[in-house]
Amino acid sequence: MAFDELLADRIRIILKEKQVQYTEKKMMGGLTFMVDEKMCIGIVKNNLMARVGPDQYVKALSRNGCKPMDFTGRPLKGYVFVEPYGVDMEEDLVEYIQMSLDYNPLAKSSRKKSKK
C-alpha cells in the first residue's frame, strides 16, 4: 500500500457530500484529488497533502501535525503536509479539505505537457 486507503475513502466521502466534481490521479507515490484539473488535496504515504494557498498557509501551519510540504529540500508555498495524528478527527479533515477547495478557484493549473 503506497498511501493510506482509509484516508482516501474519507476524502472521497467528504468530496461527495460537498458535491464536488473531482478526478483521482496517482502521483508522487500517492494519490491526488484534482478539482477543475488542478491539484487540490492528496495523500502521500500516510500524510494528507493540502493545497491551502498563500493566504491560509501560516494559519494551517499553526495547526497540530501540520508542516510545510517539502520534497526537494525547498518547501512548496501554499502546500502543507498533515501527519496522521493531525487529522484524527473528521472535523479537522473537513477543514483542510475546505481550505483547499476555497483556494482551488484561485490556483493556477499546471502546464500541460505537449505531445511531440
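Visitor: Is Arg 63 buried or exposed?
Guide: In this predicted model, local features need pLDDT of at least 70 and side-chain atom pairs 80 or more, while totals for chains, interfaces and linings use all residues. Residues are numbered from 1 along each chain as its sequence is written, and side-chain values use heavy atoms, without hydrogens or water. The relative accessible area of Arg 63 is 18%. Because the limit is under 20% (exposed is over 50%, partly exposed in between; 1.4 Å probe, protein chains only), Arg 63 counts as buried.

Visitor: With which side chain does the side chain of Arg 63 make a polar contact?
Guide: Arg 63 lies in the loop between α2 and β5 (66–68). Arg 63 touches Asp 92, Glu 95, Tyr 96 and Met 99 (heavy atoms within 4.5 Å), leaving aside residues up to four places away in sequence. At 3.1 Å, the side chain of Arg 63 makes a polar contact (a donor and an acceptor, N or O, within 3.5 Å; sequence neighbours only through side-chain atoms of both) with the side chain of Asp 92.

Visitor: What separates the C-alpha atoms of Arg 63 and Val 82?
Guide: Arg 63 and Val 82 are 19 residues apart along the chain. Their C-alpha atoms are separated by 8.9 Å.

Visitor: Which residues in α3 meet α1?
Guide: Helices here are DSSP runs (H or I, at least four residues), numbered from the N terminus. From α1, the residues in the contact are Leu 7, Arg 10, Ile 11, Ile 14 and Leu 15. Their counterparts in α3 are Glu 90, Leu 93, Val 94, Ile 97 and Leu 101.

Visitor: Which residues does Ile 97 touch?
Guide: Residues up to four places away in sequence are not counted for Ile 97. Ile 97 then touches Ile 11, Ile 14, Leu 15 and Ile 41.

Methods
Helix = DSSP H or I, 4+ residues; strand = E, 2+ residues; numbered from the N terminus.
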